[in-house]
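Welcome to this tour! Open your viewer, keep the selection tool handy, and follow along stop by stop.

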Amino acid sequence: MLSRLKSTAKNSFIYGIGNLSTKLIGLILLPLYTHILPVGEFGMLAMLESTSQVLITIFGLSLYNAFLRWYWEKEYEQKRNSMFFTVLVFLTFVSALMVISLTGASKILASSLLESSNYYRLIRLMALTAGFEILGVMPLTLMRVQERPLLFITSNILKFIVNLSLTVFFIVVLKHRIEGIYEAQVIGNIVFFLFLSKYIFKHTEPRFDRKVLREMLSFSMPLVLSSIAGIFLTFTDRFTLKFINGLEQLGNYQYGFKIANAIKVIVLNSVSFALAPVIYKIIDEKGSKRFYTKILTYMGFGVMIIVMVISFFSKEISMILANKKEYWSAFSLIPVLAMGLFFGSLKDIVFTGLNISKKTKVSAAIIVAVSVINIILNVIFIYFFHSMGAAVATSLSQLLYFILVWKYSQRYFFVPYEWKKIIKIFITGSLLTAAAMYSNRFSIIPAVAIKIVLLGLFPLVLYWWNFFEEIELDRLHGLFIKWRNPARWISNIKGKGTPADSEPEHGATP
């Protein structure tokens, strides 16, 4: 089981680099955006990004999830290429219809979302980018199920380089501002598809299988409904802020959200990409539930470390990434938003039971209920507490979502999760974060020193609380020895390690 966890961690790292290559642009360019754009225009960018994700979620029809599930069905083993072709052609038609419709309604949408019909060109560019992103998910999904991490990372890094360089060129040199961001994304997507064209054609059999499409849609349509509800869960905070408090308040909130969301970009998406195929692949294997159990524990531990790092240094990060003081107040939102992402990471793992048992209708019902509650919480909290109200409402909704998913997932596919350990992680991380935020009252040098000490206390407190198992401590000790001996570590990476370097599944580290 530990060997499978190591393999998953390795794939998470590889997929993470590829996934980061496309997602990190917003973080890397954040100082440029905050330097060039007033907080109100940054709010416009937030509206466009949120709307784009809404379109991708709705018109993507969750077919990539269905493809992941159907790919491993034995009866379709010989039809994988035609199945891929069928989904790709269908999504091309849906995406084209979406782009044409939004182009015609661009002035109306610009007036509503961006407060002026003069920005209609931004709506059109955003719609075209969303169409490309919908299609781009399918070749990436195929690479995941085929376990082609090197191709995955290469294609995404290429897209990243093109997007990054062209965004800087369009914004700095040509002064295109927000338009330049989306022009770069359109070109980056075209280069991405050209690079993968050979791979796509190689795994495509030009035969449209209406039967398998109907079956996959019957699986994915409840997910689409839940995805629509999920849109409200994910973006209600930003849309509500815009319509209650305006674009400037939204811009400030979005700045804090971007920093906190680094947790999802860096960790959650990467692990999800690597885990999803493994979870389905080992359903019937002995020890699979033990694997699911440990994944939740290790995910909680790892994500909490990232939550604490970003939360502890939220003030310093906010000041470094923006030279305009109007952005700095967002630092107080980051710990609250980050904790919501912690609950979201746990929810994604405990969703395993509902996905494996194909209870998509239950999933849909849960997310609809949570989304309704989320809308109510956001309207009330934002009206009274503005940006902080949005952050609190979002985190509470993620906690409720996690609890409901766990409850019903266990009913259909029980997994003995280590809840005592998860609670220990949450309590320890929360108390240390509260202490770190209190240290912001001091000047920067002692505050940073206190935060570093508090961060180091996290594993020590958990050790004192009997969090780690003996085999885990043995592994950590072995890893420490390898790091102290660089020659042995490098040899092990190259595959030339001694037999002692390859430890048995449940053996102790020498």
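Before we click on anything, one term: two residues are in contact, or touch, when they have heavy atoms within 4.5 Å of each other. Keep in mind that this is a predicted model, where local features need pLDDT of at least 70 and side-chain atom pairs count only at pLDDT 80 or more, while totals for chains, interfaces and linings use all residues. Residues are numbered from 1 along each chain as its sequence is written, and side-chain values use heavy atoms, with hydrogens and water left out.

**Stop 1: the whole chain**

Show the chain as a cartoon. Its secondary structure comes to 22 helices and 0 strands. Helices (H or I, at least four residues) and strands (E, at least two) are DSSP runs, numbered from the N terminus. Of the 510 residues, 54% are buried. Here buried means under 20% relative accessible area, exposed means over 50%, and partly exposed lies in between, using a 1.4 Å probe and protein chains only. Among contacts between residues at least 6 apart in sequence, 82% join residues at least 24 apart.

**Stop 2: leucine 217**

Select leucine 217, which you will find in helix α11 (residues 210-245). Is leucine 217 buried or exposed? Leucine 217 is buried, with a relative accessible area of 19%. Not counting residues up to four places away in sequence, leucine 217 touches Leu63, Phe90 and Pro222. Now add leucine 61: its C-alpha atom is separated by 8.0 Å from that of leucine 217, although the two are 156 residues apart along the chain.

**Stop 3: serine 50 and lysine 347**

Jump to helix α4 (residues 39-59) and pick out serine 50. With a relative accessibility of 1%, serine 50 counts as buried. Which residues is serine 50 in contact with, leaving aside its neighbours within four places in sequence? They are Phe235, Arg238 and Phe239.

Next, select lysine 347 in helix α16 (residues 334-350). Lysine 347 is buried too, at 11% relative accessible area. Show Gln398, Tyr401, Phe402 and Val405 as sticks: lysine 347 is in contact with these, again leaving aside neighbours within four places in sequence.

**Stop 4: a helix with two sides**

Select helix α7 (residues 106-113) and colour Ser106, Ala110 and Leu113, which are buried. Look down the axis of α7: the buried residues fall within an arc of 85°, so they line one face of the helix. The arc is that of the directions from the helix axis to the C-beta atoms. On the other side of α7, Lys107 and Ile108 are exposed.

**Stop 5: two positive phi angles**

Most residues other than glycine have a negative phi. Select glutamate 115, in the loop between α7 and α8 (120-145). Its phi is near 65°, a positive value in a residue other than glycine. Then move to histidine 386 in helix α18 (residues 360-412). Histidine 386 has a positive phi of about 60°, although it is not a glycine. Histidine 386 is partly exposed, with a relative accessible area of 36%.

**Stop 6: helix pairs**

Show helix α6 (residues 80-104) together with α8: they pack at an angle of about 170°, with their axes 9 Å apart. Axes are lines fitted to C-alpha atoms, for helices over the stretch in contact, and angles run from 0 to 180 degrees between N-to-C directions. α6 and α8 are therefore roughly antiparallel to each other; angles over 145 degrees count as roughly antiparallel, under 35 as roughly parallel, 65 to 115 as roughly perpendicular and the rest as oblique. Residues that meet here include Phe84, Val87 and Leu88 in α6 and Ile123, Arg124 and Ala127 in α8.

Now select helix α9 (residues 149-173) and helix α10 (residues 178-202), which pack at about 155° with axes 8 Å apart. α9 and α10 are therefore roughly antiparallel as well.

Finish with helix α19 (residues 419-438) and helix α20 (residues 444-464), packed at an angle of about 165° with their axes 10 Å apart. That makes α19 roughly antiparallel to α20. Try showing side chains where they meet: among them are Leu432 and Ala435 in α19, and Leu454 and Phe458 in α20.
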